[in-house]
Structures are given as C-alpha cells and as structure tokens.
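Hi,

Here is the structure I promised to pass on to you. Have a look at it first, and then read on for my notes.

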Amino acid sequence: MALHPVLAQLLMPERRAVIFALKGVISMALALFVSMYLQLDRPYWALVSAVFLQIRPESGLVIEKAICQIVGSAVGGGVGILILAFLSAYPVLALGCLTLWIGLNSAAASMVHSTNYIYAFAMAGMTAGLVVILVMANASAADSQAVFSIAQARISEITVGAICAMLVSQLLWPVKVKDSLRAQARSAINGTLEYITVELDPESSHEERHQHADQILETLVAVNDDSSAVAYEGPEGPGRGRAASLLCNRILSLVAVTQIIGRFRRNHADLVSPAFAELLALMRERLKQIADTDSYEEGYRLAQQLRRQLKQLRDQQEGEEAIVSRLSQTSLEMVGDLVVVLRAYNALENRDQTLLNAPRLKTHRDPLVGAVNGFRTAAVFLIGAVVWVQTASQAAIMLMIMPVVFSVMFSRFSLVALSFILQRVLIGAMVAIPVALLFGLGLLSRSSGDFEILVLVLAGPYFVGLLVLANRPTLPYGLGFCIPFTIITQPSNNMTFHADTAVSTALGLFVGISVLYWVFKLISPPDSQLLQRRLIHATARDLLDIDQHDHPENWFNGRMGERLLRIANFDQGTGTSDRYMTDLGFTGLNLGHVSIRLRRLIQSHRSASVDLRLREWQKALSTAYLKSSKGLLYPEFRDASASLLHAVEEAGEPNQQTAIIEGMFERLALTFERTARTVAQATGKPLPGASARKPQTA
C-alpha cells in the first residue's frame, strides 16, 4: 500500500531535513529564551520570525532574509508611528491609510522575484498593522509613549527571532548557499548542453525541445535568486555572485543562438550544405562529450578544441550561401559563450579575476499585476478590519494580520499555484489548532511554568512541523502548522490558559486563512493571454532600446530571463500543445541577439546614412515582431533591410561581412513569415500569403 507523500516525507525524512529541523528547534528555543529574558511583551512574535527563516535555511539565505525582516519591520514600525501621530483621533482614516500601506507593500512584493525581498514587504505591512491595531485596541491608554513602546516591542521581537536564527544557522552544522548554487549551475550547464544537442537534431520533437528549455529557465532563475545571498558567505561570496550572474547571462546567449541554428535547419533544410551539416554534426558529438565529463578541466579542454575545429571548418567553406556563412560564424560564437559559461562555473569554487562582470537577471515588473495583487491584499485586510470594528474581538486581530502576511508572501504565484499552496496552508492550520489546544496548552497548563518545561513541551510539535517545512513539496503544510501553533499557544513569561481566548484565536486564524483563499479565488489576476501579450510588447520595446546601452547583450539577457520563464509558465497553464507564445518569447530573445551582432558586423561601415537606416531598421524589426505575434506579415521589414544593406555597401567595399549581413536579413525575414503563419494557424486566423521574394544568395 503506497503512503501519502506527506506521510512518506515524515516517516522517511532525509538527513538534511532532520538537520534543518533540529537547527530550527534550537534557533526557536534561543529566540524564545532571549525574548523572555529581555521581558519582551510578546515573545511568540520572535518565534514567528524564526519560523520564516527556516524556509531555505542555508546560511547566506538566512542572513539575507534576516536583514530583510529587520529592515522591513523597522520601516513598518516607523509607518505605524506616523499613521498614529497624525490620525490617532480619526480611527477610520487611520485604518484607511493602513489599508493603503498594506496594499502598496503587496503590489511592491509582486515586482520582485527573490523570496527574501518579499519578506521585507511582508514584515513592513505586518509590523505597521500590529502597531496601529494594538494601540487602537486599547485607545484609552494610548499616548505617544505607548505608541513608541509598542512599535519598539514589535521591532525588537522580530529582530531577536531573526538574529537568533541567523546565529544558529552560522554556528551549528552550517550549510552554504554556494553548494546549492554550484549544483544548480551544474544542472543548468548540463541541461543547456542536452538542449543544444536536441535543438540541432532534425528528428527532435517540438515538445522535447520545450521541456529542455523550460527546465533551463527555471534553473537559471533559481541560480539568479541565490546569487544575491551567496555574497554574505565570506570574502569570496561577491565573486561567486558575479560568476553566477555571468553564467546565467551566457547560458541565455547560448539558448538564443542555438535556436537560430536549430530553426534554420528544420525550416530551411534545402539551404543546409554538406559542409554546414558536417559542422553541426561535429558540434553535437563534441557537446555530448562535454556533457558526459565530470571534470571541469576536461570539459574546458574539449570546448576549446571544438572552438578551434569549428574555426577551421568555417575557414574551409567556399561558395556558401550568405545565410550559411553567417550561421557558421554564429556556431563559433556559440562555442565561445560555452567557454565563458564553463569558466564562470569554475569561478563558483575558484576565484577568477579575469571574468567580466554581468548584471543579474532582472525581475519583470508589470504594474497591472502589482495593482491586482495590491487590491487583493487590501481587500483581505479590509474584511478583517470590518469584523474587528463590528465585534471588537481580539481574535479578529489575527484575522487581519496573518492572512495579510500570507497574501504578500504568495503575491507572485500564479492562480493555479496559489490554490494548491493555500489549500495546504489551510490543512496545516487545521492540524495545528487541535495540537495547540489539546497538546500544547493542555500540557503547559499543568506545568510549573519553567522555561525548560516550556521548551520540552513545544519542541516535539515544532520539530515535526519544521521537518515538513524543510521539504519543498510539503513546505506549505509546515508553514500552515508552525505559524498558527505559535500564535495559539503564545509562549511567554506570564502565560494565561484561557480556553475561550485560545479557541477564539484559533477560529480567527482559520477564518482568516479561509477568507484569504476565497478572496484569491474571486479576485483573480488578469487573463494569462493578456499578460503574455504584455510580455511580448515589453520585449518589442526593449528591441527599440537595445542601442541605448553600453553592454546591450548583458542588458537584454537580464531583461529577458524571467520574462521568458513567465511566458513559458503561462503557456504551460493553458494546456495547449503548440506552445506558440513560448516560441514567440524565444524569438524575441533571438532578435535581440541578432540585432546586437549586426552592430558588430557593420562597425567598420558606419556613416550618418548607415546610422539613420539602422534606426529605421530597428523600428521595423520591433514592428515586424509585434505583427508576427498577431499572425500578420510586415513586408516593410524587407524594404528596411534592403535600405540598410545598400547604405552599408555604399559606406565601404562589399566583403564577407556584408555577405553575412545579407544572409542575416534573409533569415530574419523568413523567421517573421514563418512565425506569422504559425500564430495564425494556432489562433484560427486566415493564413498570411506566401512571400513573393525568394531567398537571396551571396
């Protein structure tokens, strides 16, 4: 009989998960001891802070998350003080400003991808809410000193929990981000090499190519997220972060140029000469050898050897089509990017000062998504606020606070993922309620109240909850268990054991999480097709701006990384098999790289006329991309290409470079025509007519 996945994780935990759970219990015990020793008002908030730091408990990530929590709490406490300073006499206005602040934090959290930065916004919203609500709950005793004391207490409690978790992470069985970063980088490189061999295989399927590309994008985004945290792991950390960014950047370049070659071979097999076919076969063979080796030195040697062999084959080519000459040069550039990728991987372990810096992948910021998420979180808070105002119940405070924290934390997830996550959080909370009431408070009410007994009673449930939290598939269960368990038991110096208060708090948490679930279901994000179109339009705008940057390839790769992952995720959610929107995203990446390489090719032929025609060509490129994404042809692109080519030939003697440029323009025109037909067929539109022009030769 097969075990449920959650039970299987509990009964057969990995050694790593056991260590993380044990460290989590120790850090929470230390946070509780310090906060009780300092006579803080609500020590259980220190435990809540420590619980959040057990998600991805590698030392560098814990340090970064602790800093984010402390900074977010300080900012939130300051905002809470400001709201009360000006609006304490107007409680409705105070709650309105607090709602606006919480909505802004949720919207801002949607604009970042790193989970640690999202915690800063969650803490800023939660701390401001606690300060304002706790003061308003006891308005008769509210004065400037009380406001400051409450804000100081909340910030102190969050800070104590964060610092204790950070110390335990550093001192006891430390696990470094660099280890997981290196493993992820290795996975990304192997996945890229496998993808290249599949892309260059004319017999490969569309689905197979997309599976490899999706996996590469997910791994690259994970590497990019961890690259900021590795900077906190000693003096070598910043160098490793730069190497990880360079690796992500160059892998995107590899994917872009590989797709150029792969699409050409599949769609224009009649133009593939025997010499070019030999070049591609050599690439596939050597790349498989590089993927199979376990040694960096051997892989680097094979890559350099392949580079020399490709250069030799390219130099031996005679009488080839212009487009084939260009793609032979592209193959050589691709292997050059692979060499840089391997060096960047080696730099994750060994310092390499000769590597150039590259920017990290940028988070795609869509104001529409931010506005929807901000409104949704504000609605969750308002529902709790209305209940609190009408009932004046202390339990309603938890209905306002914790659902808001979860709403901000989960703001960047898709609706499908949110439904899955929130269901598991709710199940975890349902388990936590009876355990806290019957086991936790039941035993503690009969104890002597000593700290040792308190820790002994709480350690068991926390260990199990953290064990579940340490595994990614079961993480929402652990989060849903640990946070409600802490808030219901509320361990402190002077614990009270009122059953009605505990039950009321438990019901408030359960109702709050349920309200959060249904608000997320009712206020859904914009349609995925609309968001995909916005991503395509953002790519077209970047194509127009690509000449405004000193290092356009790094800038464009950084902009496209997460954007491609979002397009792919939306496409996967629709369940369609053609994945034409993902193809459009990769086409945009390819166009950016072609545009950058064009500028290198015409560098020796620049003139005022060439610069003018180049700007016109860039606009035509962006427009043709948008038109093809709607299933429409844009014949003016060929005219703009011909005008630019004529200007280049007038600026200098035609040579091999101009022949390559001609081939590049022809390939782009064929790409737009093919893309328009693919989109038209996928969307049921009339197919555009065939082009009357035939491919040109050099």
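A word on helices before we start: they are DSSP runs of H or I with at least four residues, and they are numbered from the N terminus. Please also keep in mind that this is a predicted model.

**Two single residues**

With that numbering, Arg240 belongs to helix α10, which spans residues 237-267. Is Arg240 buried or exposed? Its relative accessible area is 8%, and because anything under 20% counts as buried, Arg240 is buried. Leaving aside residues up to four places away in sequence, Arg240 touches Lys178, Leu181, Val230, Glu233, Ala347, Leu348 and Glu349.

Asp143 sits elsewhere, in the loop between α6 and α7 (144-171). The relative accessibility of Asp143 is 42%, so this residue counts as partly exposed. If you would like a distance to check in your viewer, take Asp143 and Pro403: they are 260 residues apart along the chain, and their C-alpha atoms are separated by 28 Å.

**A helix pair**

Next, please turn to α22 (residues 580-601) and α23 (residues 608-629), which pack with their axes 11 Å apart and at an angle of about 170°. Angles over 145 degrees count as roughly antiparallel, and α22 and α23 are therefore roughly antiparallel to each other. On the α22 side, the residues that meet α23 are Leu584, Gly585, Thr587, Gly588, Leu591, Ser595, Leu598 and Arg599. Their partners in α23 are Leu614, Trp617, Gln618, Leu621, Tyr625 and Ser629. Sorted by class, this contact has seven nonpolar, six polar and one charged residues.

**Cavities**

How many cavities of 30 Å³ or more does a search of the whole structure find? There are six, and I looked into two of them for you.

The largest cavity has a volume of about 90 Å³. Its lining is made up of Arg186, Ile189, Asn190, Leu193, Ile290, Thr293, Ser295, Tyr296, Gly299, Leu342 and Tyr345. Two or more of these residues come from each of α8 (177-199), α12 (296-316) and α13 (322-347), with α8 giving the largest share, four residues. The lining of the largest cavity is mixed in class: six nonpolar, four polar and one charged.

The second largest cavity, at about 70 Å³, is lined by Val25, Met28, Ala29, Leu32, Leu47, Leu454, Val455, Leu458, Ala459 and Tyr462. Here α2 (15-37) and α17 (451-469) are the elements that give two or more residues, and α17 gives the most, with five. Which classes make up this lining? It has ten nonpolar residues, no polar and no charged ones.

**A pocket**

Last comes the second largest pocket, with a volume of about 600 Å³. It is lined by 27 residues, and those nearest its centre are Arg42, Tyr44, Gln490, Thr496 and Thr501. At least two lining residues are supplied by each of α3 (44-52), α6 (115-137), α15 (395-409), α18 (475-489) and α19 (499-522). By class, the lining of this pocket divides into 14 nonpolar, eleven polar and two charged residues.

Enjoy exploring it, and do write back with any questions.

Best wishes

Terms used. Residues numbered from 1 in each chain as written. Predicted model: local features only at pLDDT ≥ 70, side-chain atom pairs only at ≥ 80, totals over all residues. Heavy atoms only, no water. 1 Å grid on protein atoms, 1.4 Å probe; cavity = no way out; pocket = protein on both sides within 12 Å on 5 of 7 lines; lining within 4 Å. Points joined across faces, edges and corners; volume = space filled by probe spheres on them. Nonpolar A, V, L, I, M, F, W, Y, C, P; charged D, E, K, R; others polar. Buried < 20%, exposed > 50% of the residue type's maximum accessible area, 1.4 Å probe, protein only. Contact = heavy atoms within 4.5 Å. Axes fitted to C-alpha atoms, helices over the stretch in contact; angles between N-to-C directions. Parallel < 35°, antiparallel > 145°, perpendicular 65-115°, else oblique.
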